[in-house]
Amino acid sequence: MGSLSLLGTLLITLVGVGVLANKIHQLNRNDFPPDFVFGAGTSAYQVEGASAEDGRSPSIWDTFTHAGEMLDNSTADVSADQYHKYKEDVKLMHDMGLDAYRFSISWPRLIPGGRGAVNPKGLEYYNNLIDELLKYGIQPHVTLHHFDIPQVLEDEYGGWLSERIVRDFTMYADICFREFGDRVTYWSTLNEPNAFSMAAYDIGSFPPQHCSSPYGFRNCSVGNSSTEPYIVTHNQLLAHASVAQLYKKKYKSKQQGQIGMTILTYWFVPNTNKTEDIAATQRALDFMHGWFLNPLVFGDYPDTMKENVGPRLPSFSKCQSALVRGSFDFIGINHYVTIAISDNSQSARNDTRDYMKDMSVLFVSNSTPSASGLPILPDTPWGMQGVLEYIKTSYGNPPVFVHENGYAMPYTRDLNDIGRVNYLNGYLEYLLRAVRNGSNAKGYFIWSFVDVFELLFGYKGTYGLYEVDFNDKDRPRRARLSAHWYSNFLKKKSNLYIEEPTVSSKSHSAND
Ligand code: BGC
């Protein structure tokens, strides 16, 4: 498949509004086990703003946006300004009835030099945010890296391309555990390391924009799409494992926390019943999920990858394999869409290949195209169950947090996001089916709590339960219909679902 459609699937963008019109059964949290955690999330670069304030240094995303690389030319310099508005946001979370908030720590805010001195203002901000959450009984679920490595480390040694990242990432994590671990017990080391390797090092659509011809989504000045995605993944796995080992040895007995990694998951279905398409679907699952899950669970890459990538796939030493294997308490998954797969084996016979050619499948668009023209099958909430059942049967049913699930809509001032409500309700239904069928899923987080700076399409598309007015310097929040719906779900008022919604344009909190 072409790079453009890979980019498209990574954007998970603007699925046609109204595709999911009439809805199914309305659920509430009582349908789930009592200890099941419900939350919503954001990430540091996307939500905080205050990009040059209080000693924060640039991350690779600041460099990227300031170079005008976004499709809408935007930056996240101010974004939703959570850095200044965290108290208001935490109050909204409380009013909504969230159990948990998933956010990430900005490495360049906490340690502007990448390693060494801690920024007291950065420390203060995350301490305040955590304390504010705990004041309302909201659990913090913290990610350490959400695509935003400090630019200084990129400049110094090439960031995730170098094994030197393992040491620096471990030192950064050590500081986070030491400073926040008395109050934070859920840690995810990396957000979507698989998407990062593909987007940043195969097609170059994410910073640091590495790719090589003819595989780039754009012309990259540096990169090697045949090798770098694999090297970066290897370093991410080693860095994750090193952090997990540190936590286990130094903090776990005292802090009693859990550590995991969060991968981007698609559900893939064969486009036909042909044997080749069924095998291609397995290959897609191996390349997409197994790339990380096989090392984490079994200590090595999937055989299909070894076969197709050959010597370009780094190998684990015995010692590394032992370190990586089992280095998690839970797996985080981000899940948005399902894609039909057909075989494209001949692409693995090309002399030069990138990650996608190595996977040698086609992402098939055999359905009404979505608003963005992407090869996404519409109305596939069952994909959630598909992914969870697959993890259950293929990877020993580890505890899973669904760290992201959400629905993109074009930004408008209209608060009636009925398409989002129907989408979320449908995915929750299939999450529940998976749980009832024995999946070890433990929690679910909607992306995103408020509108944020969206990767690649900036402020043109939104996922927020709360609308943020990015044209107003105060960045006011207003509850969308989905905020009311989620609050009703959480407060067990399922009968309050409104089929033909009316929400006041003045509405503020989901509790109003
Ligand atoms: C990422 C988020 C992003 C969301 C919506 C996920 O892949 O983790 O950072 O905003 O998708 O595109």
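**View 1. Lining of the second largest pocket in this predicted model.** Let's start with who lines this pocket: 14 residues do the job, and A244, K248, G326, S327 and F328 are the ones nearest its centre. The space inside comes to about 180 Å³. Sorted by class, the lining has seven nonpolar residues, four charged and three polar.

**View 2. Helices that contribute to the second largest pocket.** Which helices each put at least two residues into this lining? They are α10, running over 228-255, and α13, covering 318-324. With six residues, α10 provides the largest share of the lining.

**View 3. The shell around the ligand.** Now over to the ligand, which has 12 residues around it. Q46, H146, E192, E404 and E454 are the closest of these. If you're after the chemical make-up of the shell, count five nonpolar residues, three charged and four polar.

**View 4. Polar contacts to ligand oxygens from Q46, N191 and W447.** Zoom in on Q46 and you'll find an N or O atom of its side chain 2.7 Å from a ligand oxygen. For N191, a side-chain N or O atom sits 2.9 Å from an oxygen atom of the ligand. W447 joins in too, with a polar side-chain atom 3.3 Å from a ligand oxygen. How much of the ligand's exposed area does the protein bury? On its own the ligand exposes 310 Å², and 97% of that is buried by the protein.

Methods: Residues are numbered from 1 along each chain as its sequence is written. This is a predicted model: local features need pLDDT of at least 70, side-chain atom pairs count only at pLDDT 80 or more; totals for chains, interfaces and linings use all residues. Side-chain values use heavy atoms; hydrogens and water are left out. A residue is near a molecule or strand if one of its heavy atoms lies within 4 Å of it. A polar contact is a pair of N or O atoms within 3.5 Å; within protein, one must be able to donate a hydrogen and the other to accept it, and residues adjacent in sequence count only if both atoms are side-chain atoms. Accessible areas come from the Shrake-Rupley method with a 1.4 Å probe; for residues, only the protein chains shown count as cover. Ala, Val, Leu, Ile, Met, Phe, Trp, Tyr, Cys and Pro count as nonpolar, Asp, Glu, Lys and Arg as charged, and the others, Gly among them, as polar. On a 1 Å grid over the protein atoms alone, a cavity is a set of points where a 1.4 Å probe fits but cannot get out, and a pocket is an open set with protein on both sides within 12 Å along at least five of seven lines; lining residues have an atom within 4 Å of a point. Grid points are joined across faces, edges and corners, and a volume is the space filled by probe spheres set on the points. Helices (H or I, at least four residues) and strands (E, at least two) are DSSP runs, numbered from the N terminus.
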